[in-house]
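Please open the model in your viewer and keep the sequence panel visible. The tour proceeds from one selection to the next and states what is found at each stop.

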Amino acid sequence: MSSKSQNSNLVPPAPGFEPICHVCIRMFASRPEKFTHDPSSKHRECVLCARDFCERHASIKHMENKAEFERYPVCEINHETYWRNHNGIGSLTPFRTVEEYKENCESDTD
Ligand SMILES: [Zn+2]
Ligand SMILES: [Zn+2]
């Protein structure tokens with residue numbers, strides 16, 4: 001067995017491919033000819049911006065704590081900026097941090 005590098009599964013998209021991850025969607029739309037992805041990548045829904053993302057676009061900082069990441073998946077975008085642009089728009093209010101998410105979604109005090 002030769003050692004595999006982390007990105008060895010990256011392949012160009014098959015015909016008719018539609019990305020699930022919101023970061024991949026943007027990349028694929030702007031440069032389809034440069035786009036590669038890992039078809040075996042798991043997708044998760046970001047607790048902060050409520051969009052699907054692939055493992056490649058997960059927050060590296062949050063991935064450091066695996067257990068926490070499994071409970072509170074976070075994508076790599078700057079949620080502070082996203083929050084500023086989207087707060088109060090629509091029914092889903094994004095969160096800036098996992099702490100903020102926990103405070104809003106996990107307290108059952110009333
Ligand atoms: Zn992605
Ligand atoms: Zn996100």
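**First stop: isoleucine 77**

Select isoleucine 77, which is found in the loop between helix 3 and helix 4; helices (H or I, at least four residues) and strands (E, at least two) are DSSP runs, numbered from the N terminus. The model is a predicted one, in which local features need pLDDT of at least 70 and side-chain atom pairs count only at pLDDT 80 or more, while totals for chains, interfaces and linings use all residues. Residues are numbered from 1 along each chain as its sequence is written, and chains are lettered from A and ligands numbered from 1 in the order in which they are written.

Isoleucine 77 is partly exposed, because 18 other C-beta atoms lie within 10 Å. The classes are defined as follows: a residue is buried if 20 or more other C-beta atoms lie within 10 Å of its own, exposed if 12 or fewer, and partly exposed in between, with C-beta atoms placed from the backbone. Leaving aside neighbours within four places in sequence, isoleucine 77 is in contact with Cys49 and Tyr82; contact requires that the C-beta atoms of two residues, placed from the backbone, lie within 7 Å. Now add histidine 57 to the selection: it is 20 residues from isoleucine 77 in sequence and 8.2 Å away in space, C-alpha to C-alpha.

**The whole chain**

Zoom out and colour by secondary structure. The protein has 5 helices and 2 strands, and its elements run α-β-β-α-α-α-α from the N terminus on. Of the 110 residues, 16% are buried. Among contacts with a separation of 6 or more, 50% are between residues 24 or more positions apart.

**The nonpolar core**

Next, select Cys46, Val47, Leu48, Phe53, Val74 and Cys75. These are the residues with the most contacts inside the largest nonpolar core, which has 13 residues. Such a core is a set of buried Ala, Val, Leu, Ile, Met, Phe, Trp, Tyr and Cys residues joined through C-beta atoms within 7 Å. In soluble globular proteins, nonpolar side chains tend to be buried together.

Which residues does valine 47 touch, not counting residues up to four places away in sequence? They are Tyr72, Pro73, Val74, Val98 and Tyr101.

**The loop between the strands**

Move to alanine 50, in the loop between strand 1 (43-45) and strand 2 (52-54). Its phi is positive, at about 60 degrees, although alanine 50 is not a glycine. With 14 other C-beta atoms within 10 Å, alanine 50 is partly exposed.

**Helices 2 and 3**

Select histidine 62 in helix 2 (residues 60-63). Is histidine 62 exposed or partly exposed? It counts as partly exposed, because it has 19 C-beta neighbours inside 10 Å. Beyond four places in sequence, histidine 62 is in contact with Glu68, Phe69 and Val74. Proline 73 is 11 residues from histidine 62 along the chain, and their C-alpha atoms are separated by 7.7 Å.

Follow the contact to phenylalanine 69, which lies in helix 3 (residues 66-71). Phenylalanine 69 touches His62 and Met63, not counting residues up to four places away in sequence. It is partly exposed, with 17 other C-beta atoms within 10 Å. From phenylalanine 69 to alanine 58 the C-alpha to C-alpha distance is 9.3 Å, across 11 residues in sequence.

**Last stop: helix 4**

Finally, select threonine 81 in helix 4 (residues 79-86). Threonine 81 counts as exposed, because it has 10 C-beta neighbours inside 10 Å. Add arginine 96, 15 residues from threonine 81 along the chain; the two C-alpha atoms are separated by 8.4 Å.
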